[in-house]
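Q: I'm new to this one, so could you walk me through it in plain words? I'll jump around a bit.

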Amino acid sequence: MLLSISWRNIWRNKVRSLIIIFSIALGIFAGVIAAAFFRGMADQRIEKVIKTELSYIQIHEPGFEQTSDFTNFMSDAEGLRNELLKIPTVEGVSRRISIQSMAASAETATGVTISAVFPEDEKTVTSIYDKIIDGEYFEGIKRNPVVIGKKLAEKLKVKVRSKIVITITDMDNNITSGAFRVAGIYSTDNSMFDETNIYVQFNDIQKLTNFPPTAAHEIAINISDREKLEEVLASVKEISTNKLDVKSWKELSPEMNYLTESMDMFMYIFIVIILLALLFGIINTMLMVVMERTKEIGMLMAIGMNKGKVFSMIVFESVLLTLTGGIVGILIGAIGSKFGETHPIDLSLWAQGYEQLGYDAFVYTKLDPSLIMEITVLVIFTGIVAAIYPAYRALKNDPADALRIE
């Protein structure tokens with residue numbers, strides 16, 4: 001009964017109610033779109049880090065990450081790889097030689113990180129092969145092919161089939177050099193990564209440095225189900241008998257894990273700020289409603305409606321007003337976010353700056369269904385809070401005095 005009365009009361013002044021509903025809907029719409037945008041941006045960055053730069057899990061000898069010591073390797077990496085492939089949901093395993101080295105062209109030289117890989121195995125772990133923009137992925141060059149990033153190619157002033165010289169330290173700590181030719185140039189839209197990472201064939205570096213053929217500095221693991229990461233991580237640690245350093249992408253790149261948490265926190269702060277701004281508008285509207293209906297509320301109290309019901313009626317009006325605007329805003333925001341899942345937001349005007357930070361210039365939105373429920377709860381809470389003071393003012397009115405008001 002009270003709900004029905006409250007709903008009719010809202011539409012006594014249609015213009016005022018529609019203005020406040022529109023304001024709430026616009027604010028919630030902005031919050032939902034912003035939340036979907038930043039979640040999409042964060043997820044794209046994390047997906048890129050996993051699929052292009054890190055993989056889901058990596059294994060090293062203890063201390064290798066800190067020192068990058070060339071002689072600190074896993075001796076039976078090939079056998080370990082075969083065992084890892086037996087784990088359910090493991091989609092690919094790639095063993096690598098990882099070296100901090102120097103790459104030089106006829107024009108200039110720069111420091112790089114070399115990943116010596118088995119090309120077919122690497123395809124199952126990272127998507128570098130799919131990022132080739134010029135040339136081929138380890139094809140077209142008969143001897144010592146190398147795949148380099150677009151930014152590094154520009155820095156070294158080389159192109160496909162150009163020669164570069166890689167200088168490294170071998171197993172006996174002797175400095176040795178090898179001539180390689182550029183087979184392909186890739187671009188991951190992450191300028192820092194593209195400028196410092198090159199890929200060569202495992203066998204070419206193994207022969208050049210006398211590295212053990214079954215060993216590796218690093219084993220990268222890709223899985224088919226992201227939700228089962230912790231389960232796979234436990235299995236990998238069990239197989240490695242806890243003697244090796246096994247880390248997930250969250251540990252390898254803690255800043256990416258922090259990015260997810262900080263984005264979630266930012267979304268809630270942003271939505272709370274919007275609701276706080278709307279709160280004062282709703283309070284103002286409800287105060288006007290109470291003042292306009294002072295005589296009416298006094299009459300209801302005079303004929304026997306207790307204060308609890310009067311209080312509830314005003315709270316219901318506020319909640320229904322807020323919830324109507326909130327639901328409209330959520331629906332429009334959800335439709336906009338769904339559209340943004342297939343039609344990216346174009347940030348190409350700032351592409352260079354975003355690429356420096358590793359972000360895509362085209363952002364696909366992603367809306368978490370649980371966020372919709374949480375926003376709905378916050379909207380209802382806002383409506384209740386907004387009604388408390390106006391309802392209190394209504395209860396302060398004396399029925400006898402209220403009835404004398406013309």
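Q: Let me pick a residue to begin with: where does R181 lie?

A: R181 lies in strand β7, which covers residues 175-186. Please keep in mind that this is a predicted model, so what follows describes a computed structure.

Q: Is R181 buried, partly exposed or exposed, and what does R181 touch?

A: R181 is partly exposed, because its relative accessible area is 37%, a value between the 20% limit for buried and the 50% limit for exposed. Leaving aside residues up to four places away in sequence, R181 touches I141, N144, P145, V146, R161, S162 and K163.

Q: And how far apart are the C-alpha atoms of R181 and R161?

A: They are separated by 5.3 Å, although R181 and R161 are 20 residues apart along the chain.

Q: Stepping back, how many helices and strands are there in the chain?

A: The protein chain has 16 helices and 12 strands. It holds 406 residues, of which 48% are buried, and its accessible surface comes to about 20,000 Å², with 58% of that belonging to carbon and sulfur atoms.

Q: What share of the contacts join residues at least 24 apart?

A: Counting contacts between residues at least 6 apart in sequence, 77% join residues that are at least 24 apart. One pair of residues brought together across the sequence, by C-alpha distance, is G281 and A386, which are 105 residues apart along the chain and 8.8 Å apart in space. G281 is part of helix α11, residues 254-292, and G281 counts as partly exposed because its relative accessibility is 28%.

Q: Switching to helix α2, what is its reach from first C-alpha to last?

A: Helix α2 runs over residues 14-54, which makes 41 residues, and it reaches 57 Å, close to the 60 Å expected at 1.5 Å a residue. Just after α2 comes S55, which takes a positive phi of about 80 degrees.

Q: Which residue does D43 meet in a salt bridge?

A: The side chain of D43 meets that of K366, with 2.9 Å between N and O. D43 lies in helix α2 and K366 in the loop between β12 (362-363) and α15, so this salt bridge ties together parts that are 323 residues apart in sequence. In general, side chains of opposite charge can pair when their charged atoms come close.

Q: Are those two partners buried or exposed?

A: They differ in class, since D43 is buried with a relative accessible area of 17%, whereas K366 is partly exposed with 43%.

Q: What does E47 pair with?

A: E47 forms a salt bridge with R226, and the closest N and O atoms are 3.6 Å apart. This pair also links distant parts of the chain, with E47 in helix α2 and R226 in the loop between β9 (218-223) and α9 (229-239), 179 residues apart. Both are partly exposed, E47 at 28% relative accessible area and R226 at 31%. Together with K51, these two residues are linked in a network of salt bridges.

Q: How many salt bridges does the whole structure have?

A: A search of the whole structure finds 13. Another of them joins D121 and R81, at 3.1 Å from N to O, with D121 in helix α5 (residues 119-123) and R81 in helix α4 (residues 77-84), 40 residues apart. D121 is buried at 19% relative accessible area, and R81 is buried at 17%.

Q: Which residues in α4 are buried?

A: Among the residues of α4, A77, L80, R81 and L84 are buried. They sit on the same side of α4, because they cover an arc of only 105 degrees around the axis. The buried residues of α4 pack against β1 (57-60), β2 (90-104), α5, β9 and α9.

Q: Last topic, the surface: which residues form a nonpolar patch there?

A: The patch is formed by F381, I384, V385 and I388, and together they have about 340 Å² of accessible area. One of them, I384, is in helix α15, residues 369-396, and I384 counts as partly exposed because its relative accessibility is 36%.

Notes: Residues are numbered from 1 along each chain as its sequence is written. This is a predicted model: local features need pLDDT of at least 70, side-chain atom pairs count only at pLDDT 80 or more; totals for chains, interfaces and linings use all residues. Side-chain values use heavy atoms; hydrogens and water are left out. Helices (H or I, at least four residues) and strands (E, at least two) are DSSP runs, numbered from the N terminus. The expected span of a helix is 1.5 Å times one less than its number of residues. Patches are made of residues with over 30% relative accessible area and no salt bridge: like charges are joined within 9 Å, nonpolar side chains (Val, Leu, Ile, Met, Phe, Trp, Tyr) within 5 Å. Accessible areas come from the Shrake-Rupley method with a 1.4 Å probe; for residues, only the protein chains shown count as cover. A salt bridge is a side-chain nitrogen of Lys or Arg within 4 Å of a carboxyl oxygen of Asp or Glu. Buried means under 20% relative accessible area, exposed over 50%, partly exposed in between (1.4 Å probe, protein chains only). The arc is that of the directions from the helix axis to the C-beta atoms. Contact means heavy atoms within 4.5 Å.
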